[in-house]
Amino acid sequence: MIPPSWRADVEGEADLVEEVLRIHGYDHIPVTPLPKLASVTRPELPLVQKRAKTARELLVARGFLECCTWSFLPATHAKAFGGDMRPSLLPNLLAAAKKNIFRGFNNNALCEVGLQFSDVTPNGQRIVAGGIRTGTYNYFVHGEQFQQCTPPLDAFDVKSDALAVLESLGVQKFDITTNTPPWYHPGRSGAITLGGKIILGYFGEIHPGLLPMFDLEDRVIAFEIFLDTIP
């Protein structure tokens with residue numbers, strides 16, 4: 001079969017089949033699904049990333065503003081929090097609170113869920129949910145109260161934040177000890193542990209001796225939850 005001279009687009013069998021289909025009508029062709037050659041697995045987040053998402057949503061629901069700070073910080077700040085790299089999320093959160101306070105925002109609730117580093121190896125990093133609060137308790141519950149006494153926040157307020165994170169991640173049993181790192185006030189802080197061996201986190205008042213380093217004067221309370229140590 002030779003196509004007519006005016007149909008230069010017809011060159012082979014496939015073109016002839018297309019012509020038949022066009023004349024017969026594409027609507028008359030039955031729909032036949034292709035065979036399933038392989039199953040497609042649903043994307044799955046690692047457990048620690050699921051925990052990070054849950055902790056982040058919980059803290060935002062409790063009134064925290066989420067920060068995304070640099071993965072590096074001044075050497076003096078790092079040494080004050082026990083390391084040479086980014087040993088804690090708290091120094092950068094304290095620096096962010098300082099900027100807010102200088103701008104007149106004294107009541108701060110800042111959080112971050114991210115990595116902190118003890119060394120350059122993969123085992124030297126851990127994912128942490130941390131947060132700080134400054135100002136007065138009544139502000140976070142009722143807003144500005146000019147005619148009422150506004151007591152300052154204390155360690156019990158931030159303890160509530162820390163335990164709320166753990167509860168959202170399924171932790172029901174824990175112990176509280178006083179074995180906290182030196183950047184916390186020794187008498188106004190606590191460590192959350194499992195059996196006194198596995199440290200789940202810390203909470204309490206930042207040591208007053210560290211506040212001048214960040215140009216802060218009033219009380220600051222904070223918490224750290226180590227998401228990758230939860231069984």
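The following questions and answers introduce the fold, the surface and a few single residues of one protein chain.

This is a predicted model, in which local features need pLDDT of at least 70 and side-chain atom pairs count only at pLDDT 80 or more, while totals for chains, interfaces and linings use all residues. Residues are numbered from 1 along each chain as its sequence is written, and side-chain values use heavy atoms, with hydrogens and water left out.

Trainee: In what order do the elements of the protein chain run from the N terminus on?
Mentor: Helices (H or I, at least four residues) and strands (E, at least two) are taken as DSSP runs and numbered from the N terminus. The protein chain holds six helices and seven strands. Read from the N terminus, their order is α-α-β-α-α-β-β-α-α-β-β-β-β.

Trainee: What is the radius of gyration of the protein chain, set against the globule rule?
Mentor: The radius is taken over C-alpha atoms, and the globule rule is 2.2 Å times the number of residues to the power 0.38. Along its principal axes, the C-alpha trace spans about 95 × 45 × 35 Å. For 231 residues the rule gives 17 Å, and the chain is well over that, so it is more spread out than a compact globule, with a radius of gyration of 29 Å.

Trainee: What percentage of the residues in the protein chain is buried?
Mentor: A residue is called buried under 20% relative accessible area, exposed over 50%, and partly exposed in between, with a 1.4 Å probe and protein chains only. Of the 231 residues in the protein chain, the buried share is 39%.

Trainee: How many disulfides does the count come to?
Mentor: A disulfide is a pair of cysteine sulfur atoms within 2.5 Å. The cysteine sulfur closest to that of C67 belongs to C111 and is 6.8 Å away, which is too far for a bond. C68 is likewise in no disulfide, since its nearest cysteine sulfur, that of C67, is 8.8 Å away. By this rule the count is zero.

Trainee: Which of these words, buried or exposed, fits C67, and which fits C68?
Mentor: C67 has a relative accessibility of 16%, and therefore counts as buried. C68 has a relative accessible area of 77%, and is therefore exposed.

Trainee: Where is D215 found?
Mentor: D215 is not a glycine, although its phi is positive, at about 60°. Its relative accessibility is 47%, so D215 counts as partly exposed. D215 lies in the loop between β6 (198–206) and β7 (220–226).
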